[in-house]
Amino acid sequence: MASEDPDSEEQLAPYLIEGARSSRSKCRTCKRKIDKGSVRIGILLEGPYGTGYLWHHLTCAARRRFEDVEAAYAEDAASPGTELPPLEELKLLKEKAEEKRAQKKTAPYVDVAPTSRAKCKSCEEIMEKGTPRITLLREVTFGNQFRSTPIQVHPGCVAKELAAEDCQTEADGFEDALRANSSDLDEAVIDAALSEIELLQD
Ligand SMILES: [Zn+2]
Ligand SMILES: [Zn+2]
């Protein structure tokens with residue numbers, strides 16, 4: 001039974017970053033063992049069977065769940081003496097990982113702009129963080145080689161891009177292909193993006 005004394009129940013912070021105290025914990029992201037001394041982040045889980053930290057390599061967490069790493073840094077969650085990499089460095093890992101995941105996907109697909117830094121390859125305007133963007137394929141030449149490269153554009157710029165000569169994404173069946181390739185995304189986001197795409201009907 002729980003004690004009435006409030007001091008006896010240790011309050012755990014939502015995050016803890018520290019050098020692993022043993023080699024026994026496993027990273028919940030990559031499923032590999034976390035070597036003693038390597039920097040790990042604990043994310044507090046309050047479950048029906050108790051409260052405790054789920055551990056991740058700090059770098060793995062940065063790649064998969066950067067929001068948690070950012071929150072942990074903001075809360076000064078590191079135990080004293082932990083050698084922390086700068087947050088900027090971890091952010092680069094996150095961006096690289098996102099890029100890699102995007103490259104693995106097949107165009108055309110919808111996703112959500114992770115930052116407000118990238119410009120639409122069609123109109124050259126910024127794509128705002130959190131808004132849907134569409135990835136299409138464009139043909140580019142390197143010397144005498146042709147290659148398809150993924151480009152990101154505003155939904156509102158899709159129709160113009162599909163009509164462009166160097167566009168490698170078919171306008172025929174575009175909506176079906178987009179839905180099929182974006183199935184990991186919430187349908188509401190896909191619908192919202194599609195509503196902004198005015199395909200030329202024939
Ligand atoms: Zn890991
Ligand atoms: Zn645009």
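This is a short tour of the structure in your viewer, one selection at a time.

**Stop 1: the whole chain**

Start with everything on screen, and keep in mind that this is a predicted model. The mean pLDDT of the chain is 90, with 93% of its residues at 70 or more. Now select residues 1-8. Here the pLDDT is below 50, and beyond near neighbours in sequence the stretch has one contact in the model. We'll leave that stretch alone and move on.

**Stop 2: two domains**

Give residues 11-96 one colour and residues 105-196 another: these are domain 1 and domain 2. How far apart are the centres of domain 1 and domain 2? Taken over C-alpha atoms, the separation is 34 Å.

**Stop 3: the sheet β1-β2-β3**

Zoom in on domain 1, residues 11-96. Select β1 (15-19) and β3 (50-57), the edge strands of a sheet, each of which pairs on one side only. Add β2, residues 39-47, and you have an open sheet of three strands in the order β1-β2-β3, with antiparallel pairing. On average, neighbouring strands in this sheet are turned by 30 degrees against each other, ignoring direction.

Now look at the pairings one by one. Five bridges link β1 and β2. Click on Ile 17 and you'll find Ile 41 of β2 standing opposite. Leu 16 has Gly 42 of β2 across from it.

On the other side of β2, eight antiparallel bridges connect this strand to β3. Which residue of β3 is the bridge partner of Arg 40? It's His 57. To see how the chain gets from β2 to β3, follow the hairpin they form, with two residues between the strands.

**Stop 4: a helix on the sheet**

Next, select residues 66-74, which make up helix α2. This helix packs on the sheet and touches β1 and β2. Turn the view until you can compare directions: α2 makes an angle of about 85 degrees with β1.

**Stop 5: the sheet β4-β5-β6**

Slide over to domain 2, residues 105-196. Another open sheet of three strands is formed here, in the order β4-β5-β6, again with antiparallel pairing. Its edge strands, each pairing on one side only, are β4 (109-112) and β6 (145-153). From one strand to the next, the twist averages 40 degrees.

Select β5, residues 132-142, and count along its pairing with β6: nine bridges join the two. Leu 136 faces Ile 151 of β6, while Leu 137 has Pro 150 of β6 as its bridge partner. Then go to the turn of the β5-β6 hairpin, where two residues sit between the strands. Click on Gly 143 there, which takes a positive phi near 60 degrees.

**Stop 6: the cores**

Show side chains for Val 110, Ile 134, Leu 136, Val 153, Val 158 and Ala 193. These have the most contacts inside the largest nonpolar core, a set of 16 residues. The elements giving two or more residues to this core are β4, β5, β6, α4 (158-162) and α6 (187-196). In soluble globular proteins, nonpolar side chains tend to be buried together.

Pick out Val 153 for a closer look. Leaving aside neighbours within four places in sequence, Val 153 is in contact with several residues, including Cys 120, Lys 121, Ile 134, Leu 136 and Val 158. Apart from this core lies another one, of 14 residues, and among them are Ile 17, Cys 27, Trp 55 and Ala 72.

**Stop 7: two residues to compare**

Select Thr 135, in strand β5. Is Thr 135 buried or exposed? It counts as buried because 22 C-beta neighbours lie inside 10 Å, and the cut-off for buried is 20 or more. Leaving out residues up to four places away in sequence, Thr 135 touches Ala 102, Ala 107, Pro 108, Tyr 109, Pro 150, Ile 151 and Gln 152. Thr 169 is 34 residues away along the chain, with 9.4 Å between its C-alpha atom and that of Thr 135.

Finish at Glu 198, in the segment after α6. Glu 198 has 12 C-beta neighbours inside 10 Å, so this residue counts as exposed. Draw a distance from its C-alpha atom to that of Val 158: the two residues are 40 apart along the chain, and the separation is 7.8 Å.

Notes
Residues are numbered from 1 along each chain as its sequence is written. Chains are lettered from A and ligands numbered from 1 in the order in which they are written. This is a predicted model: local features need pLDDT of at least 70, side-chain atom pairs count only at pLDDT 80 or more; totals for chains, interfaces and linings use all residues. Two strands pair if DSSP finds at least two bridges between them. Helices (H or I, at least four residues) and strands (E, at least two) are DSSP runs, numbered from the N terminus. Axes are lines fitted to C-alpha atoms, for helices over the stretch in contact, and angles run from 0 to 180 degrees between N-to-C directions. Domain bounds come from an automatic or database domain assignment. A nonpolar core is a set of buried Ala, Val, Leu, Ile, Met, Phe, Trp, Tyr and Cys residues joined through C-beta atoms within 7 Å. Two residues are in contact if their C-beta atoms, placed from the backbone, lie within 7 Å. pLDDT is the predictor's confidence in each residue, from 0 to 100.
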